[in-house]
Amino acid sequence: MHPAEPQITDPRLKRIFYAMPFTGKSYDLIAKERRAIKKALQRLGLELSEQFLGVEDKEKFEAHAYGPLHIAKKDHDLMKQSGVIIADYSGDSIGRDCEIVIAKEVLDRRVIAIVPDKHMQNHPWIRLYSDYIVGTQAEAFKLAQKLSGLSLSAEVSKLSRAQKDKLDEQLAEMLKRSDPVQVSSSLFPTELQRRWKALFGAEYQNVIRTSYKPLPTILRRNPLKLSHQGLMEIARKYSWKLTRLQFSDKAYRLELPLGEAITLWKLPEYLEGKFYVQQLASQLPAVVLDPKAGDRVLDIAAAPGSKTTQMAELMEDKGEVLANDNSSERLEVLKAVVNRQGLTNVNVHLGDGATLGDQYTEQFDKVMVDAPCSSEGILRYKAHKFLEWYLLGIYRETEMQRRLLESGYKALKPGGTLVYSTCTYGPEENEAIVDWLLKQHPDARIEPVALKGVKTHPGLTEWEHTNFDQSLRKARRLLPTENNSTGFYLAKLTKQAR
Ligand SMILES: C[S@@+](CC[C@H](N)C(=O)[O-])C[C@H]1O[C@@H](n2cnc3c(N)ncnc32)[C@H](O)[C@@H]1O
């Protein structure tokens, strides 16, 4: 390794905190189990966090002489220094439940649960507070070893850009060597596998396989700078094969020998903003929203600006797109794209989109709510996303999604149109959010969506004992197995004119 290269495999991942049930066990038995665990981990190049409090002092242990606060403090410090927590739920024990909740909720660690009993594996508590549920200690150790070898951060949400890129490379390597279904069955969070099986049924394995296929390159022609004929000339110049797509007269599939796509970013025509590279699913929300020249449009979560610039181009650079995002870093990218595409009708705003409804009540003809989400649908270009996924994280996303949709709806004029979209499959982030809006606002309607040449599926009307409004069928779901694209969800809503 070059000395200047950042170290991106977190050394804490080699340290394992083993939350072991003590209840009902003798001192000697615990001490023996501890030695065996330590040895087994060492054989795999891992290290045991020495949290077996009391084991070093038989008398104190048997007299329960350690206060709970002292235990908690010691355990939390040890968990902070460890990357993976193994929670052993075998045997009759009250377990170490508090530590596990803290490991997940506060310290953001990866938790592998050992649950030999198949029925207990379904226990909602275990499903909520574990990333992985396995049946044996040996499986848990193997998985911990695999995780420790990846470019992960001990804190799930603190993956750096370099770690993400490195992880994508590592996963691509792994996928070259083995079947994606195999890779995902060991590394996908257990609950994610369970949910995908419930959502996709017989298509499950197909969805996994296509979730890792490279994406085709789709160009979006900028009509302000380039005609169809002009693009054909560029194609001739570079010997490209371009196929026009049916859903938009500005979208083209470009066939290049694999690996050549990278050079696109360097072409003068790209740098002059004559075309933009944007995968198929991402182009659909703007086509469905259909903004016109002179409209006033709010893009509430706009960066890095794919849909903002697509809409501004559809509007012939007339009217206004208010492009808001709460990330200044990402807005810098958006500004660069807006400039490159030669657009003057985009106003950039940095802030929490959830506040814009109050600030701009009923002022926009069209609103785009392309919400932040758990990103299950985009493994084709961000393979690491499943390693950031965890069940409780979804509920945090839904909070923001509801706030952004509510705010966007408030900013919409009566008679106006709003599109809500995500690049994920979880119905909590899709149907449940739109269903919630329909219940809050009797003047909201969900409208049919027509997309020529794109295979879609109706939105769901039920999921895990929850029923949604029947009109949610009109929303659209996209699978990566069709259209050679990513997974996506979009719903078109209108506010009734008064
Ligand atoms: C799916 S991405 C948007 C992609 C963008 N529409 C495009 O097509 O290029 C979601 C965006 O939401 C932003 N975001 C998250 N929370 C937000 C908030 N409270 N207000 C505004 N933007 C937010 C993120 O920074 C991220 O850029």
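This text walks through a ligand site, one helix and two residues. The model is predicted.

Start with the ligand. It is surrounded by 21 residues. The closest are Lys307, Asp325, Arg330, Gly353 and Asp370. By type, the residues of this shell divide into nine nonpolar, seven polar and five charged. Where in the fold do they come from? Helix α14 (306-314), strand β11 (320-325) and helix α18 (391-411) each supply at least two of them.

Now look at single atoms at this site. A polar side-chain atom of arginine 330 lies 2.6 Å from an oxygen atom of the ligand. In the side chain of aspartate 352, an N or O atom is 2.9 Å from a nitrogen atom of the ligand. Asparagine 326 also takes part: an N or O atom of its side chain is 3.3 Å from a ligand nitrogen. How much of the ligand does the protein cover? On its own, the ligand has 600 Å² of accessible area, and the protein covers 87% of that.

Next, find arginine 220. It belongs to strand β6 (residues 217-221). Is arginine 220 buried or exposed? Its relative accessibility is 2%, so arginine 220 counts as buried; the cut-off for buried is under 20%. Its side chain has polar partners. One polar contact, of 2.9 Å, joins it to the side chain of glutamate 313. Another, of 3.1 Å, runs to the side chain of threonine 309. Leaving out residues up to four places away in sequence, arginine 220 also touches others, including Lys250, Phe275, Tyr276 and Gln341.

Move on to helix α8, residues 180-187. Its buried residues are Pro180, Val181, Val183, Ser184 and Leu187. Why do they line one face of the helix? Seen down the axis of α8, they fall within an arc of 160°, so they sit along one face. A general rule helps here. An α-helix has 3.6 residues a turn, so residues three or four places apart point the same way. What covers the buried residues of α8? The cover includes strand β5 (132-134) and the helices α6 (137-148), α7 (161-177), α9 (190-200), α10 (204-210) and α17 (385-388).

Finish at tyrosine 27. This residue is found in helix α1 (residues 27-43). Tyrosine 27 counts as buried because its relative accessibility is 13%. Compare its position with that of arginine 221. The two residues are 194 apart along the chain. In space, their C-alpha atoms are separated by 72 Å.

Methods: Residues are numbered from 1 along each chain as its sequence is written. This is a predicted model: local features need pLDDT of at least 70, side-chain atom pairs count only at pLDDT 80 or more; totals for chains, interfaces and linings use all residues. Side-chain values use heavy atoms; hydrogens and water are left out. Buried means under 20% relative accessible area, exposed over 50%, partly exposed in between (1.4 Å probe, protein chains only). Helices (H or I, at least four residues) and strands (E, at least two) are DSSP runs, numbered from the N terminus. The arc is that of the directions from the helix axis to the C-beta atoms. Contact means heavy atoms within 4.5 Å. A residue is near a molecule or strand if one of its heavy atoms lies within 4 Å of it. A polar contact is a pair of N or O atoms within 3.5 Å; within protein, one must be able to donate a hydrogen and the other to accept it, and residues adjacent in sequence count only if both atoms are side-chain atoms. Accessible areas come from the Shrake-Rupley method with a 1.4 Å probe; for residues, only the protein chains shown count as cover. Ala, Val, Leu, Ile, Met, Phe, Trp, Tyr, Cys and Pro count as nonpolar, Asp, Glu, Lys and Arg as charged, and the others, Gly among them, as polar.
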